[in-house]
Amino acid sequence: MADLTDKQKRLLWYRHHKESTMAFNAWWEFAMARPSSAFRQASVSVLPRFPEILRGLACGARTRSGTPCKLRSLCLNGRCNLHGGMSTGPTTTEGKARSALNGNARKKRTP
């Protein structure tokens, strides 16, 4: 297989992750609908094989020093858990109200 660019590898990673998740969910539903003996016989080998070209795919995000991140434990988005992106903050009304109280709530006294 020809050398792929980093962007093409990440697209392949997304596709593999999506296929694996769908296959696992189908296997899980099959296993949960049957007694435990069938559960042991149901194999997870139905999951798609990990593409060899993706072995060793690193995060690749830029660190503060400007060097690329070398971590290889990737999340769904193709980045490591340190570079997965910034939090978007609370999105629900309850979460926004709770965060608005930060710093303004009285401290609880312990006897």
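Before selecting anything, start with the contact pattern: of the contacts between residues at least 6 apart in sequence, 43% join residues at least 24 apart. Keep in mind throughout that you're looking at a predicted model.

**The whole chain**

Switch to cartoon view. You'll find three helices and zero strands, so to speak an α-α-α pattern when you read along the sequence. Now turn on the surface. The accessible area comes to about 9,400 Å², and 56% of that belongs to carbon and sulfur atoms. As for the inside, the protein has 111 residues, and buried ones make up 19% of them.

**Helix H1, from its start**

Select residues 6–32, which form helix H1. Show the side chains of aspartate 6 and arginine 10: they meet in a salt bridge, with 3.5 Å from N to O. Why does this pair line up along the helix? The two residues sit four apart in H1, so about one helical turn separates them. Colour them by accessibility and the partners part ways. Arginine 10 counts as buried because its relative accessibility is 7%, while aspartate 6, at 42%, counts as partly exposed.

Next, move along H1 to serine 20. Is this serine buried or exposed? Its relative accessibility is 17%, and the cut-off for buried is under 20%, so serine 20 counts as buried. Leaving out residues up to four places away in sequence, serine 20 touches Leu47 and Pro48, so add those two to your selection if you want to see what lies against it.

Carry on to tryptophan 28, also in H1. With a relative accessible area of 39%, tryptophan 28 is partly exposed. Add Phe24 and Met32, and you have the three residues that make a nonpolar surface patch of about 300 Å².

**The other salt bridge**

How many salt bridges does a search of the whole structure find? There are two. You've met one of them; for the other, select glutamate 52 and arginine 55. Their side chains meet at 3.3 Å, N to O. Here both partners are exposed.

**The nonpolar core**

Clear the view and select Leu12, Trp13, Leu54, Leu57, Cys59, Ala61, Cys69, Leu74 and Cys80. These nine residues make up the largest nonpolar core. Centre on cysteine 80, which has a relative accessibility of 0% and therefore counts as buried. What does cysteine 80 contact, leaving aside its neighbours within four places in sequence? The list is Cys59, Cys69, Leu71, Ser73, Leu74 and Cys75.

**Cysteines without bonds**

With several cysteines among those contacts, you might reach for the disulfide display. How many disulfides does the structure hold? Zero. A disulfide is a covalent bond between the sulfur atoms of two cysteines. Check the distances yourself. From the sulfur of cysteine 80, the closest cysteine sulfur belongs to cysteine 59, 3.7 Å away, which is too far for a bond. Then pick cysteine 69, which is buried with a relative accessible area of 8%. Its closest cysteine sulfur is the one in cysteine 80, at 3.9 Å, so this pair is too far apart for a bond as well. The cut-off that settles both cases is 2.5 Å between the sulfurs.

How values were computed:
Residues are numbered from 1 along each chain as its sequence is written. This is a predicted model: local features need pLDDT of at least 70, side-chain atom pairs count only at pLDDT 80 or more; totals for chains, interfaces and linings use all residues. Side-chain values use heavy atoms; hydrogens and water are left out. Patches are made of residues with over 30% relative accessible area and no salt bridge: like charges are joined within 9 Å, nonpolar side chains (Val, Leu, Ile, Met, Phe, Trp, Tyr) within 5 Å. Accessible areas come from the Shrake-Rupley method with a 1.4 Å probe; for residues, only the protein chains shown count as cover. A salt bridge is a side-chain nitrogen of Lys or Arg within 4 Å of a carboxyl oxygen of Asp or Glu. Buried means under 20% relative accessible area, exposed over 50%, partly exposed in between (1.4 Å probe, protein chains only). Contact means heavy atoms within 4.5 Å. A nonpolar core is a set of buried Ala, Val, Leu, Ile, Met, Phe, Trp, Tyr and Cys residues joined through side-chain atoms within 4.5 Å.
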